[in-house]
Every structure is written in C-alpha cells, then in structure tokens.
Amino acid sequence: MSLLSLEKELKENTYPGRGIVIGRSPNGKYAVTAYFIMGRSENSRNRIFVEEGEGIRTEAFDPSKLSDPSLIIYAPVRVLGNKTIVTNGDQTDTIYEMMDKQQTFEQALRTREFEPDGPNYTPRISGILHVEHGSFNYAMSILKSDHGNPDSCNRFTFAYSDPAAGEGRFIHTYQCDGEPLPSFEGEPKPVAVLDDMDAFADMLWQNLNESNKVSLFVRYIDIASGEYRTKIINKNQ
C-alpha cells in the first residue's frame, strides 16, 4: 500500500477543518494519535486546548470574545480504561458514557448525526484507540449529511486490527475550503507516521495553514505498558 505524505496533505489544503490521525509508530512501540482544529471565524479561532484529567478540552482564549460556545467548546479527548476517545465534538461524551454502559463505539454514534450548522452540516469525525496487554487496534467514524441534505445522515465506521508499524489513517471534516464547505469523502487516508512524537507534532503544526490553524494535540501511547506522553500546541498563547 502506498502511504500518503501528511506533510503534503496538509500543506496543499488551506482548510481541512478539524482532523484526526491514528496509527502505529514505525518502530511498532507506540499507538499514535493526533487531533487538530482550524477556524475561519473569530469565534472559532478564539480557542485553546487545555489538559483535563487524562484528556483535553477546548477553552475560549479570550472569554469576552466568545459569541457561541455550542459547537466549539467540548472535550475532544477522553480516556475510558484502556480506550482513548478522540472526536471533533461533544460526541466524545456520548461515546464515553455509552461505552461505560457496555455499548459499542458504533452503537453510541448511531444516536448522533452531523452538526446543525447549515449549509455546511459539518461532519462529526471520531476515533477510538484500544491498547491492552501489548495489543493495539482502533476504529474511526464519520457522520455526514447526504451530499448536503440535512434530512439524511450517512454513518461510516472503519476498523483497523493489528495496524502495521509506520502506518496511520487520516480523516478530516472538509475536503477543502469553499462555500459551503464540502464534506470529507471516502475512506480515511493512509498516511505515514513517525517514531518521534515531538518531530511528528512539529511536522503537523508547521504544515497546517498559518492563517487558519488554531490548536494541535498529539499523544503517543506505549503499547506494552499503556503509559503515554502528550504534546499540545496552541496558536493563542
């Protein structure tokens, strides 16, 4: 399989929106995930990532400029035992709460749909990493309108068992910039990931569009021990 260059994917797209990367490091030791947010409006750009427990949440950088928190303030990352949940909205909480009651990732997402922000109808993208006893698998999901029709929701889930070292998948909300913003199409893209967390985070951050990028989260989980390291980069300091 030919892996795409994440550097090129990001550099050549001024507005992929929000994106999730999940994969396995080339040395096979780490489960890798990254999540970034971008923004075109002042409200969307007025955000930072902050750590909250084992996960993160978004927060207004300047609370006086926060005009509508409904779709921009949420917990993108939460940890439930040996599962790490990464999403672009408050469906993180839905997945966490329903899986805590023995429901599945897919069952939780059947209760949700795309965001109510017509005419874009931003897709909800989600990922879950399962690291246990030296094994690693993951799944990704996208909930999107049917070609802009708000009456129809299309739900796709992609599951990856025993992912190969050095390979990841990349899914994002929008194909590119536009009016309205066109939703992501197809399967998550196969991309190369790196062994070094700092180098991977720096590569992602440097290639996100300078005007639109807002925040980046990267986590490397040791597959053998379950221990993890995290890096957060915020444009607003």
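Two strands pair if DSSP finds at least two bridges between them. The exercises below use a predicted model.

**Exercise 1. Describe the open sheet that holds strand 1 and strand 2, and find the bridge partner of Gly-19.**

Solution.
1. Begin with the order of the strands. The open sheet has 6 strands in the order 11-10-1-2-12-13, and the pairing is antiparallel.
2. Next, find the edges. Strand 11 and strand 13 (228-234) each pair on one side only, which makes them the edge strands.
3. Then take the angle between neighbours. With direction ignored, neighbouring strands of this sheet are turned by 20° against each other on average.
4. Now look at one pair. Strand 1 (residues 19-24) and strand 2 (residues 30-38) run antiparallel and are joined by 6 bridges. Two bridges are enough for a pair, so strand 1 and strand 2 qualify.
5. Last, go to the residue asked for. The bridge partner of Gly-19 in strand 2 is Phe-36.

**Exercise 2. Work out what helix 5 packs on, which of its residues are buried, and which residue caps its N-terminal end.**

Solution.
1. Helix 5 (residues 197-207) packs on the sheet and touches strand 1, strand 2, strand 11, strand 12 (213-222) and strand 13. The direction of helix 5 makes about 160° with that of strand 12.
2. List the residues of helix 5 that fall under 20% relative accessible area. The buried ones are Met-197, Phe-200, Ala-201, Met-203, Leu-204, Trp-205 and Asn-207.
3. Ask what these buried residues pack against. Their partners include helix 1 (6-11), as well as strand 1, strand 2, strand 11, strand 12 and strand 13.
4. Check the start of the helix. Asp-196 caps the N-terminal end, with a side-chain oxygen 3.1 Å from the backbone nitrogen of Asp-198.

**Exercise 3. Locate the unusual backbone geometry at Pro-119, Pro-180, His-147 and Asp-162.**

Solution.
1. Set the expectation. Most residues other than glycine have a negative phi, and most peptide bonds are trans.
2. Take the prolines. The peptide bond from Gly-118 to Pro-119 is cis, with omega near 5°, and Pro-119 sits in the loop between helix 4 (105-109) and strand 7 (124-132). Glu-179 and Pro-180 are also joined by a cis peptide bond, with omega about -10°. Pro-180 belongs to the loop between strand 10 (167-172) and strand 11 (189-192).
3. Take the positive phi values. His-147, not a glycine, has a phi of about 55° and lies in the loop between strand 8 (135-146) and strand 9 (149-161). For Asp-162, also not a glycine, phi is about 45°, and the residue is in the loop between strand 9 and strand 10.
4. Decide on exposure, for which the cut-off is over 50%. His-147 has a relative accessible area of 73%, so it is exposed. Asp-162 is exposed as well, because its relative accessibility is 63%.

**Exercise 4. Is Thr-58 buried or exposed, and what lies around its side chain?**

Solution.
1. Place the residue: Thr-58 is in strand 4 (residues 55-60).
2. Apply the cut-off. The relative accessible area of Thr-58 is 2%, so it is buried.
3. Look for a polar partner. A polar atom of the Thr-58 side chain lies 2.7 Å from the backbone oxygen of Ile-72.
4. Widen the search. Beyond four places in sequence, the contacts of Thr-58 include Arg-47, Ile-48, Phe-49, Ile-73, Tyr-74 and Pro-76.

**Exercise 5. Find the largest cavity and its lining.**

Solution.
1. The whole structure has 1 cavity of 30 Å³ or more, and the volume of the largest cavity is about 40 Å³.
2. Among the residues that line it are Ser-70, Leu-71, Gly-89, Asp-90, Glu-115 and Arg-124.
3. Compare with Exercise 4: Ile-73 and Tyr-74 line this cavity, and both are in contact with Thr-58.

Terms used: Residues are numbered from 1 along each chain as its sequence is written. This is a predicted model: local features need pLDDT of at least 70, side-chain atom pairs count only at pLDDT 80 or more; totals for chains, interfaces and linings use all residues. Side-chain values use heavy atoms; hydrogens and water are left out. Helices (H or I, at least four residues) and strands (E, at least two) are DSSP runs, numbered from the N terminus. Buried means under 20% relative accessible area, exposed over 50%, partly exposed in between (1.4 Å probe, protein chains only). Axes are lines fitted to C-alpha atoms, for helices over the stretch in contact, and angles run from 0 to 180 degrees between N-to-C directions. Contact means heavy atoms within 4.5 Å. A polar contact is a pair of N or O atoms within 3.5 Å; within protein, one must be able to donate a hydrogen and the other to accept it, and residues adjacent in sequence count only if both atoms are side-chain atoms. On a 1 Å grid over the protein atoms alone, a cavity is a set of points where a 1.4 Å probe fits but cannot get out, and a pocket is an open set with protein on both sides within 12 Å along at least five of seven lines; lining residues have an atom within 4 Å of a point. Grid points are joined across faces, edges and corners, and a volume is the space filled by probe spheres set on the points.
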